[in-house]
Amino acid sequence: SYINTDENLEDKYILTDGSEVSIKECFDTAVKYLEQIPYKGREGIEFVPIRADVYSLSYSDVNNEYHNKYFIDVIFTREYDGMYIDFGENYGHYIGYNLDCARFTIIEKNEVEEVIDYTNRAYLENIDEETDKIISLDNALEILTNSVGNNSKYKVLNIGLVYRRKHLIYNDGIIYEKYELTPKWRIDCISEI
């Protein structure tokens, strides 16, 4: 995985058509594709590429036509009021927390193969109280160290402040949705084991 602020966005991979592309080129391809989508979403909310995930199609069978070839998902999220809405997999869906993302899959150079969950639809506005308090980054890292860090070893790739999105009202996705956005520390790690 590459976060859009990484210095190594020039890393290159061979796609299914045999072309070699950098992570930066994949971000550019996805943004160009997004600009051609007629439905842009809500006014005043930026939809930005935040991460790229690289997947190997085949790593064991050297006779496979996809051996040493990859596809790349560019993940977009919304930026609201100067912060990103938390992005990635919807792991928290069943406990009321949703991550905000869309995946643009690239398998050939300068082509977007599919778009999954284009989610710039929800209307956002400040209608409730604002918070000016959040736990310190030191405290967040201490919690991480004393929980996940007790059982394994991780390298921290990225730390940022994002909005967590929690459902307050949900009517079958048909009529109306309401969310509470609260700031949280997002810490992206990779296992070193």
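Helix α1, which covers residues 23-36, gives the most to the lining of the largest cavity, with three residues. This comes from a predicted model, so keep in mind that every value here is computed. The cavity has a volume of about 30 Å³, and the structure holds one cavity of 30 Å³ or more. How does anyone spot a hole like that? Rolling a probe the size of a water molecule over the atoms shows where empty space is left.

Which residues line the largest cavity? They are V21, E25, C26, T29, I106, K109 and N110. Let's look at T29, which sits in helix α1. Is T29 buried or exposed? With a relative accessibility of 10%, T29 counts as buried, because the cut-off for buried is under 20%. If you skip its neighbours within four places in sequence, T29 is in contact with I106, N110, E111 and V112. Two of those names, I106 and N110, also turn up in the cavity lining.

**The strand around I106**

I106 leads us to strand β8, made of residues 102-106. Five of the five residues of β8 are buried, so this strand is largely enclosed by the rest of the structure. Which way do its residues point? A102, F104 and I106 point one way, R103 and T105 point the other way, and all are buried. In a regular strand the side chains alternate between the two faces of the sheet.

Strand β8 has partners, too. Five bridges join β8 to β5, and the two run antiparallel. Another three bridges join β8 to strand β9 (residues 114-116), again in the antiparallel sense. Within that second pairing, R103 stands opposite I116.

**Following F76 through the strands**

Now hop over to β5, where you'll find F76. F76 is buried, with a relative accessible area of 0%. Which residue of β8 is its bridge partner? That's A102. F76 also lies 6.5 Å from R103, C-alpha to C-alpha, although 27 residues separate them in sequence.

There's another strand in the story of F76. Strand β4 (residues 46-56) pairs with β5 (residues 70-80) in the antiparallel sense, over 10 bridges. Here P49 stands opposite F76. Strand β4 in turn runs antiparallel to strand β1 (residues 2-3), and two bridges join them. In that pairing, I3 has R51 of β4 as its bridge partner.

So you can trace a path from strand to strand: β1 pairs with β4, β4 with β5, β5 with β8, and β8 with β9.

**Some residues to look up**

I3 comes back when you look at N158, a residue of strand β10 (residues 154-170). Leaving out neighbours within four places in sequence, N158 is in contact with I3, T5, R186, I187 and D188. D86 is found in the loop between β6 (83-85) and β7 (97-98). D86 and L181 are 95 residues apart in sequence, and their C-alpha atoms are 9.7 Å apart in space.

How accessible are the residues we've picked out? Here they are side by side.

| Residue | Relative accessibility | Status |
|---|---|---|
| C26 | 2% | buried |
| T29 | 10% | buried |
| F76 | 0% | buried |
| D86 | 2% | buried |
| N158 | 19% | buried |
| C189 | 30% | partly exposed |

The 19% of N158 counts as buried because the cut-off is under 20%. C189, at 30%, counts as partly exposed, since that label covers the range between 20% and 50%.

The table includes two cysteines, which brings up a fair question: how many disulfides does a search of the whole structure find? Zero. A disulfide, by the way, is a covalent bond between the sulfur atoms of two cysteines.

**Stepping back**

What does the whole protein look like? Its secondary structure comes to two helices and 11 strands. Starting at the N terminus, the elements run β-β-β-α-β-β-β-β-β-β-α-β-β. Of the 193 residues, 33% count as buried. The protein exposes about 12,400 Å², and carbon and sulfur atoms supply 47% of that.

Finally, consider the contacts in the protein with a separation of 6 or more: residues 24 or more positions apart account for 63% of them. One such contact is the one between N158 and I3.

Technical notes:
Residues numbered from 1 in each chain as written. Predicted model: local features only at pLDDT ≥ 70, side-chain atom pairs only at ≥ 80, totals over all residues. Heavy atoms only, no water. Pairing = 2+ DSSP bridges. Helix = DSSP H or I, 4+ residues; strand = E, 2+ residues; numbered from the N terminus. Buried < 20%, exposed > 50% of the residue type's maximum accessible area, 1.4 Å probe, protein only. Contact = heavy atoms within 4.5 Å. Areas by Shrake-Rupley, 256 points an atom, 1.4 Å probe, with all protein chains shown as cover. Disulfide = S-S within 2.5 Å. 1 Å grid on protein atoms, 1.4 Å probe; cavity = no way out; pocket = protein on both sides within 12 Å on 5 of 7 lines; lining within 4 Å. Points joined across faces, edges and corners; volume = space filled by probe spheres on them.
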